[in-house]
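Thanks, everyone; I would like to take a few minutes to walk through some charged pairs and one helix. Please have a look at the sequence and the structure as they come up.

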Amino acid sequence: MPHIIQVDRLSKTYASGFQALKSVQLDIRRGEILALLGPNGAGKTTLISIICGIVTASEGSVRVDGHDNVKDYRAARDLVGLVPQELTTDAFETVWDTVSFSRGLFGKKASPAYIEKVLKDLSLWDKKDNKIMALSGGMKRRVMIAKALSHEPQILFLDEPTAGVDVNLRRDMWNLVRQLQKSGVTIILTTHYIEEAQEMADRIGVINKGEMVLVEDKDELMRKLGKKQLTVQLLQPLAQVPPELAGYALTLAGEGKELTYAYDSQDDNVDAGELLAALQQAGLKFKDIQTRQSSLEDIFVNLVKDPA
(Lines give C-alpha, C1' and ligand atoms only; values in the text may rest on other atoms or scores of the structure.)
Protein backbone atom coordinates (compact mmCIF):
# COMPACT_ATOMS: atom_id res chain seq x y z
CA MET A 1 0.00 0.00 0.00
CA PRO A 2 1.55 3.37 -1.01
CA HIS A 3 2.46 5.88 1.69
CA ILE A 4 0.48 9.11 1.84
CA ILE A 5 2.64 10.61 4.61
CA GLN A 6 6.38 10.16 5.06
CA VAL A 7 8.07 11.48 8.20
CA ASP A 8 11.86 11.39 8.01
CA ARG A 9 14.14 11.88 11.04
CA LEU A 10 11.82 14.45 12.58
CA SER A 11 13.02 16.24 15.73
CA LYS A 12 11.65 19.16 17.72
CA THR A 13 13.43 21.06 20.47
CA TYR A 14 11.65 24.02 22.03
CA ALA A 15 13.31 27.26 23.16
CA SER A 16 13.22 26.00 26.74
CA GLY A 17 15.54 23.16 25.69
CA PHE A 18 12.87 20.50 25.97
CA GLN A 19 13.18 17.93 23.18
CA ALA A 20 9.65 16.86 22.29
CA LEU A 21 10.58 14.63 19.34
CA LYS A 22 13.77 12.67 18.67
CA SER A 23 14.47 11.61 15.07
CA VAL A 24 11.01 10.15 14.43
CA GLN A 25 10.56 7.90 11.39
CA LEU A 26 7.00 7.19 10.33
CA ASP A 27 5.32 6.14 7.07
CA ILE A 28 1.52 6.30 6.96
CA ARG A 29 -0.29 4.18 4.40
CA ARG A 30 -2.99 5.58 2.17
CA GLY A 31 -6.46 4.66 3.42
CA GLU A 32 -5.45 3.19 6.77
CA ILE A 33 -6.47 4.05 10.31
CA LEU A 34 -3.34 4.56 12.40
CA ALA A 35 -3.67 4.97 16.17
CA LEU A 36 -0.89 6.83 17.97
CA LEU A 37 -0.59 5.78 21.60
CA GLY A 38 1.60 7.31 24.25
CA PRO A 39 1.50 8.74 27.77
CA ASN A 40 0.98 12.44 28.43
CA GLY A 41 3.92 14.46 27.11
CA ALA A 42 5.09 11.65 24.82
CA GLY A 43 5.05 13.88 21.73
CA LYS A 44 1.82 12.84 20.01
CA THR A 45 0.35 16.32 19.60
CA THR A 46 3.71 17.82 18.62
CA LEU A 47 4.10 15.22 15.89
CA ILE A 48 0.61 15.88 14.54
CA SER A 49 1.12 19.65 14.70
CA ILE A 50 4.32 19.43 12.66
CA ILE A 51 2.75 17.20 10.01
CA CYS A 52 -0.18 19.63 9.74
CA GLY A 53 2.16 22.61 9.39
CA ILE A 54 1.22 24.29 12.66
CA VAL A 55 4.57 23.77 14.40
CA THR A 56 7.98 24.01 12.74
CA ALA A 57 10.35 21.06 13.10
CA SER A 58 13.90 21.56 14.35
CA GLU A 59 15.22 18.83 12.05
CA GLY A 60 13.88 16.37 9.49
CA SER A 61 11.16 16.55 6.89
CA VAL A 62 7.53 15.64 6.20
CA ARG A 63 6.04 14.79 2.82
CA VAL A 64 2.27 14.70 2.36
CA ASP A 65 1.29 12.80 -0.78
CA GLY A 66 4.66 13.76 -2.24
CA HIS A 67 4.51 17.44 -1.20
CA ASP A 68 7.13 18.79 1.21
CA ASN A 69 5.04 20.40 3.95
CA VAL A 70 7.46 23.35 4.25
CA LYS A 71 8.53 24.02 0.67
CA ASP A 72 5.08 23.24 -0.76
CA TYR A 73 3.05 24.16 2.28
CA ARG A 74 -0.24 25.08 0.59
CA ALA A 75 -0.52 21.85 -1.43
CA ALA A 76 0.34 19.74 1.62
CA ARG A 77 -2.03 21.58 3.95
CA ASP A 78 -4.95 21.34 1.49
CA LEU A 79 -4.80 17.56 1.81
CA VAL A 80 -5.07 17.58 5.60
CA GLY A 81 -7.94 18.08 8.03
CA LEU A 82 -7.23 18.46 11.75
CA VAL A 83 -9.57 18.03 14.69
CA PRO A 84 -7.63 19.40 17.68
CA GLN A 85 -8.06 18.17 21.21
CA GLU A 86 -9.39 21.52 22.44
CA LEU A 87 -12.90 22.61 21.50
CA THR A 88 -12.20 25.91 19.74
CA THR A 89 -15.28 27.08 17.87
CA ASP A 90 -16.96 30.43 17.18
CA ALA A 91 -19.53 30.44 19.95
CA PHE A 92 -21.85 33.00 18.36
CA GLU A 93 -21.81 31.53 14.83
CA THR A 94 -24.30 28.98 13.57
CA VAL A 95 -23.17 25.46 12.69
CA TRP A 96 -23.78 26.11 8.98
CA ASP A 97 -21.86 29.39 8.93
CA THR A 98 -18.79 28.15 10.81
CA VAL A 99 -18.42 25.03 8.65
CA SER A 100 -18.94 27.02 5.44
CA PHE A 101 -16.40 29.61 6.58
CA SER A 102 -13.81 26.89 7.24
CA ARG A 103 -14.23 25.69 3.65
CA GLY A 104 -13.66 29.22 2.37
CA LEU A 105 -10.40 29.51 4.34
CA PHE A 106 -8.91 26.90 2.01
CA GLY A 107 -9.96 28.78 -1.08
CA LYS A 108 -12.63 26.24 -1.96
CA LYS A 109 -15.67 27.36 -3.91
CA ALA A 110 -18.92 27.40 -1.98
CA SER A 111 -20.68 24.04 -2.10
CA PRO A 112 -23.90 23.98 -0.09
CA ALA A 113 -24.57 20.41 -1.26
CA TYR A 114 -21.25 19.18 0.17
CA ILE A 115 -21.70 21.06 3.47
CA GLU A 116 -25.19 19.55 3.73
CA LYS A 117 -23.78 16.06 3.20
CA VAL A 118 -21.10 16.56 5.88
CA LEU A 119 -23.63 17.84 8.41
CA LYS A 120 -26.02 14.98 7.68
CA ASP A 121 -23.23 12.40 7.95
CA LEU A 122 -22.38 13.84 11.36
CA SER A 123 -26.02 14.00 12.52
CA LEU A 124 -25.77 17.79 12.66
CA TRP A 125 -28.28 18.71 9.98
CA ASP A 126 -31.08 19.49 12.44
CA LYS A 127 -28.62 21.74 14.32
CA LYS A 128 -27.43 23.69 11.27
CA ASP A 129 -29.09 26.94 12.36
CA ASN A 130 -28.14 26.61 16.03
CA LYS A 131 -25.40 28.73 17.50
CA ILE A 132 -22.35 26.80 18.65
CA MET A 133 -22.76 28.04 22.22
CA ALA A 134 -26.13 26.26 22.45
CA LEU A 135 -24.70 22.83 21.61
CA SER A 136 -23.63 20.06 23.95
CA GLY A 137 -19.97 19.11 24.26
CA GLY A 138 -20.48 16.06 22.05
CA MET A 139 -22.18 18.12 19.35
CA LYS A 140 -19.38 20.69 19.47
CA ARG A 141 -16.93 17.84 18.89
CA ARG A 142 -18.92 16.86 15.80
CA VAL A 143 -18.80 20.46 14.56
CA MET A 144 -15.01 20.38 14.90
CA ILE A 145 -14.94 17.28 12.69
CA ALA A 146 -17.28 18.94 10.19
CA LYS A 147 -14.97 21.96 10.00
CA ALA A 148 -11.97 19.68 9.44
CA LEU A 149 -13.83 17.91 6.62
CA SER A 150 -15.20 21.10 5.04
CA HIS A 151 -12.44 21.39 2.42
CA GLU A 152 -12.62 17.70 1.42
CA PRO A 153 -9.24 16.54 2.77
CA GLN A 154 -7.71 13.16 1.95
CA ILE A 155 -6.17 12.87 5.42
CA LEU A 156 -7.87 13.46 8.77
CA PHE A 157 -6.04 13.87 12.08
CA LEU A 158 -8.12 13.30 15.20
CA ASP A 159 -6.37 14.38 18.40
CA GLU A 160 -8.20 12.68 21.28
CA PRO A 161 -11.52 12.72 19.34
CA THR A 162 -13.61 11.12 22.08
CA ALA A 163 -12.11 12.89 25.09
CA GLY A 164 -14.89 13.82 27.49
CA VAL A 165 -17.74 12.24 25.52
CA ASP A 166 -20.03 9.52 26.79
CA VAL A 167 -19.87 5.88 25.76
CA ASN A 168 -22.76 6.06 23.27
CA LEU A 169 -21.33 9.08 21.50
CA ARG A 170 -17.93 7.41 21.43
CA ARG A 171 -19.46 4.45 19.58
CA ASP A 172 -21.08 6.88 17.13
CA MET A 173 -17.66 8.46 16.54
CA TRP A 174 -16.16 5.04 15.82
CA ASN A 175 -18.87 4.36 13.24
CA LEU A 176 -18.21 7.74 11.64
CA VAL A 177 -14.48 7.04 11.42
CA ARG A 178 -15.18 3.72 9.69
CA GLN A 179 -17.44 5.48 7.18
CA LEU A 180 -14.75 8.06 6.45
CA GLN A 181 -12.20 5.32 5.88
CA LYS A 182 -14.56 3.55 3.47
CA SER A 183 -14.83 6.81 1.52
CA GLY A 184 -11.03 6.81 1.07
CA VAL A 185 -9.93 9.12 3.87
CA THR A 186 -6.70 8.23 5.69
CA ILE A 187 -7.17 8.66 9.44
CA ILE A 188 -4.61 9.21 12.18
CA LEU A 189 -5.94 9.37 15.71
CA THR A 190 -4.35 9.85 19.09
CA THR A 191 -6.19 8.40 22.04
CA HIS A 192 -5.88 7.56 25.71
CA TYR A 193 -8.57 4.91 25.35
CA ILE A 194 -6.70 1.70 24.58
CA GLU A 195 -9.93 -0.07 23.62
CA GLU A 196 -10.51 2.65 21.03
CA ALA A 197 -7.24 1.82 19.30
CA GLN A 198 -7.90 -1.90 19.57
CA GLU A 199 -11.37 -1.44 18.09
CA MET A 200 -10.54 0.99 15.29
CA ALA A 201 -6.96 0.85 14.12
CA ASP A 202 -5.33 -1.08 11.31
CA ARG A 203 -1.91 -0.25 12.74
CA ILE A 204 -0.66 0.91 16.12
CA GLY A 205 2.14 3.42 16.68
CA VAL A 206 3.56 3.81 20.18
CA ILE A 207 5.49 6.97 21.01
CA ASN A 208 7.24 7.55 24.33
CA LYS A 209 9.51 10.39 25.44
CA GLY A 210 9.62 11.76 21.91
CA GLU A 211 10.73 8.50 20.31
CA MET A 212 8.71 6.15 18.14
CA VAL A 213 8.90 2.87 20.03
CA LEU A 214 7.20 0.83 17.32
CA VAL A 215 4.73 0.94 14.45
CA GLU A 216 3.07 -2.39 13.77
CA ASP A 217 -0.03 -3.94 12.24
CA LYS A 218 -2.45 -4.37 15.12
CA ASP A 219 -3.01 -8.09 14.62
CA GLU A 220 0.70 -8.75 14.18
CA LEU A 221 1.48 -6.73 17.30
CA MET A 222 -0.97 -8.79 19.31
CA ARG A 223 0.52 -11.99 17.91
CA LYS A 224 4.14 -11.04 18.53
CA LEU A 225 3.89 -9.32 21.90
CA GLY A 226 0.77 -10.89 23.36
CA LYS A 227 1.22 -13.30 26.23
CA LYS A 228 -1.08 -16.04 27.37
CA GLN A 229 -1.66 -17.01 30.96
CA LEU A 230 -3.07 -20.31 32.17
CA THR A 231 -4.38 -20.37 35.74
CA VAL A 232 -5.20 -23.64 37.50
CA GLN A 233 -7.40 -23.46 40.59
CA LEU A 234 -6.46 -26.22 43.00
CA LEU A 235 -8.74 -28.13 45.35
CA GLN A 236 -6.12 -28.07 48.11
CA PRO A 237 -3.73 -25.20 48.83
CA LEU A 238 0.03 -25.64 48.38
CA ALA A 239 2.82 -24.22 50.50
CA GLN A 240 5.17 -24.27 47.50
CA VAL A 241 5.39 -25.47 43.90
CA PRO A 242 6.33 -29.20 43.89
CA PRO A 243 9.96 -29.73 42.82
CA GLU A 244 8.95 -32.04 39.95
CA LEU A 245 7.11 -29.05 38.35
CA ALA A 246 10.03 -26.63 38.62
CA GLY A 247 10.70 -26.80 34.87
CA TYR A 248 7.40 -25.09 34.08
CA ALA A 249 8.19 -21.82 35.92
CA LEU A 250 4.84 -21.86 37.70
CA THR A 251 3.79 -19.09 40.07
CA LEU A 252 1.81 -19.82 43.23
CA ALA A 253 -0.94 -17.33 44.14
CA GLY A 254 -4.38 -17.10 45.70
CA GLU A 255 -3.20 -18.25 49.13
CA GLY A 256 -1.68 -21.34 47.55
CA LYS A 257 -4.81 -22.33 45.62
CA GLU A 258 -3.78 -21.01 42.20
CA LEU A 259 -0.95 -22.05 39.92
CA THR A 260 -0.23 -19.61 37.11
CA TYR A 261 1.69 -20.41 33.94
CA ALA A 262 2.62 -17.52 31.58
CA TYR A 263 3.89 -18.30 28.10
CA ASP A 264 4.51 -16.77 24.69
CA SER A 265 1.37 -16.94 22.55
CA GLN A 266 3.39 -17.70 19.40
CA ASP A 267 5.52 -20.43 20.94
CA ASP A 268 4.46 -23.59 19.11
CA ASN A 269 6.36 -25.73 21.61
CA VAL A 270 4.02 -24.88 24.47
CA ASP A 271 1.64 -27.77 25.23
CA ALA A 272 -0.97 -26.95 27.88
CA GLY A 273 -2.13 -30.57 27.89
CA GLU A 274 1.36 -31.70 28.83
CA LEU A 275 1.36 -29.30 31.78
CA LEU A 276 -1.99 -30.54 33.05
CA ALA A 277 -0.79 -34.12 32.77
CA ALA A 278 2.29 -33.20 34.82
CA LEU A 279 0.07 -31.64 37.49
CA GLN A 280 -1.91 -34.86 37.75
CA GLN A 281 1.26 -36.95 37.93
CA ALA A 282 2.37 -34.73 40.81
CA GLY A 283 -0.83 -35.68 42.63
CA LEU A 284 -2.47 -32.26 42.32
CA LYS A 285 -6.21 -32.05 41.90
CA PHE A 286 -7.81 -28.98 40.36
CA LYS A 287 -11.37 -27.70 40.00
CA ASP A 288 -11.05 -25.06 37.28
CA ILE A 289 -8.76 -23.87 34.50
CA GLN A 290 -8.72 -20.36 33.06
CA THR A 291 -6.77 -18.84 30.19
CA ARG A 292 -6.18 -15.16 29.49
CA GLN A 293 -4.67 -13.41 26.45
CA SER A 294 -2.77 -10.16 26.92
CA SER A 295 -4.74 -7.12 25.78
CA LEU A 296 -3.37 -4.18 23.84
CA GLU A 297 -3.40 -2.28 27.12
CA ASP A 298 -1.04 -4.83 28.68
CA ILE A 299 1.30 -4.54 25.70
CA PHE A 300 1.20 -0.73 25.79
CA VAL A 301 1.96 -0.56 29.52
CA ASN A 302 4.95 -2.88 29.08
CA LEU A 303 6.30 -0.82 26.17
CA VAL A 304 6.21 2.56 27.93
CA LYS A 305 6.96 1.66 31.53
CA ASP A 306 10.22 2.95 32.96
CA PRO A 307 12.84 0.29 33.61
CA ALA A 308 13.28 -0.53 37.27
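Lys117 and Asp121 join their side chains in a salt bridge, with 2.8 Å from N to O, and I should say at once that this is a predicted model. The two residues sit 4 residues apart in helix 4, so that about one helical turn separates Lys117 from Asp121. In general, an α-helix has 3.6 residues a turn, so residues three or four places apart point the same way. Lys117 is partly exposed, at a relative accessible area of 48%, and Asp121 is partly exposed as well, at 40%.

That pair is one of 9 salt bridges in the structure. Another links Asp217 with Arg29, whose closest N and O atoms are 3.0 Å apart; because Asp217 belongs to strand 10 and Arg29 to strand 2, this pair ties together parts that are 188 residues apart in sequence. Asp217 is partly exposed, with a relative accessible area of 31%, and Arg29 is partly exposed with 28%.

A further salt bridge brings together the side chains of Arg203 and Glu32, at 2.7 Å from N to O. Arg203 lies in strand 9 and Glu32 in the loop between strand 2 and strand 3, so here the parts tied together are 171 residues apart in sequence. Are these two residues buried or exposed? Both Arg203 and Glu32 are buried.

Let me finish with helix 5, which is mostly covered, 10 of its 13 residues being buried, among them Arg141, Arg142 and Lys147. What covers those buried residues includes strand 6, helix 3, helix 4, strand 7 and helix 6.

How values were computed:
Residues are numbered from 1 along each chain as its sequence is written. This is a predicted model: local features need pLDDT of at least 70, side-chain atom pairs count only at pLDDT 80 or more; totals for chains, interfaces and linings use all residues. Side-chain values use heavy atoms; hydrogens and water are left out. Buried means under 20% relative accessible area, exposed over 50%, partly exposed in between (1.4 Å probe, protein chains only). Contact means heavy atoms within 4.5 Å. A salt bridge is a side-chain nitrogen of Lys or Arg within 4 Å of a carboxyl oxygen of Asp or Glu.
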